[in-house]
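Colleague: Please choose a single part of this model and take me through it closely. I should like each term explained when it first appears.

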Amino acid sequence: MISEVTHHDHNERIEIAWRGGGMEGVLTYRFESQFGGTGLSLHETVMAKGLMRLARPMIRRSFERMLVDRLQGIKRVLESRNEGAAVTAP
């Protein structure tokens, strides 16, 4: 897998383009002021190439689960820092 940060707006957005394994995509993290804190949203586009296109439904479900897991891991790390403990995201 090859990844490259393609866009960075400090405190607003980070965009990462990636490719590998017969797929390519863009992962975008957005930061927004919310309720006295910061909200984080995550959006990923995935384009399957060649024979991988046949597996689109399975790929979609897999990536949806990975995005939820990734956001939950980030949340755990940030919340643990507020409590003064160090936790490593999966």
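Modeller: I begin with Asp-9, which is partly exposed, with a relative accessible area of 27%. On this scale, buried means under 20% relative accessible area, exposed means over 50%, and partly exposed lies in between, as computed with a 1.4 Å probe on protein chains only. The model is predicted, so local features are given only at a pLDDT of at least 70 and side-chain atom pairs only at 80 or more, whereas totals for chains, interfaces and linings use all residues. Residues are numbered from 1 along each chain as its sequence is written, and side-chain values use heavy atoms, with hydrogens and water left out.

The pLDDT is the predictor's confidence in each residue, from 0 to 100. The chain averages 84, and 91% of the residues score at least 70. Among the elements, strand 1 (residues 2-9) has the highest mean, 95, and helix 1 (residues 56-82) the lowest, 82. These elements are DSSP runs numbered from the N terminus: helices are H or I over at least four residues, and strands are E over at least two.

Asp-9 forms a salt bridge with Arg-13, with 3.9 Å between the closest N and O atoms. The term denotes a side-chain nitrogen of Lys or Arg within 4 Å of a carboxyl oxygen of Asp or Glu. In general, side chains of opposite charge can pair when their charged atoms come close. Unlike Asp-9, which is partly exposed, Arg-13 counts as buried at 17% relative accessibility. Salt bridges link Asp-9, Arg-13 and Glu-15 in a network.

Glu-15 itself belongs to strand 2 (residues 13-20). The side chains of Glu-15 and Arg-13 are also joined by a polar contact of 3.0 Å. A polar contact is a pair of N or O atoms within 3.5 Å; within protein, one must be able to donate a hydrogen and the other to accept it, and residues adjacent in sequence count only if both atoms are side-chain atoms. Beyond residues up to four places away in sequence, Glu-15 touches several others, including Glu-4, His-7 and Leu-27; contact here means heavy atoms within 4.5 Å.

Leu-27 leads to the neighbouring strand, for this residue is placed in strand 3 (residues 23-34). Leu-27 is buried, with a relative accessible area of 8%, and is the bridge partner of Ile-16. Strand 2 and strand 3 pair in the antiparallel sense over 8 bridges; two strands pair if DSSP finds at least two bridges between them. Their hairpin has 2 residues between the strands, and there Gly-21 takes a positive phi near 65 degrees.

Strand 3 is also joined to strand 4 (residues 37-48) by 12 bridges, again antiparallel. One of the facing pairs is Arg-30 and Ser-41, the latter in strand 4.

Under the salt-bridge rule the count comes to 4. Another of them joins Lys-49 to Glu-24, with the closest N and O atoms 2.7 Å apart. Because Lys-49 lies in the loop between strand 4 and helix 1, and Glu-24 in strand 3, this pair ties together parts that are 25 residues apart in sequence. Lys-49 is partly exposed at 44% relative accessible area, and Glu-24 is likewise partly exposed at 24%.
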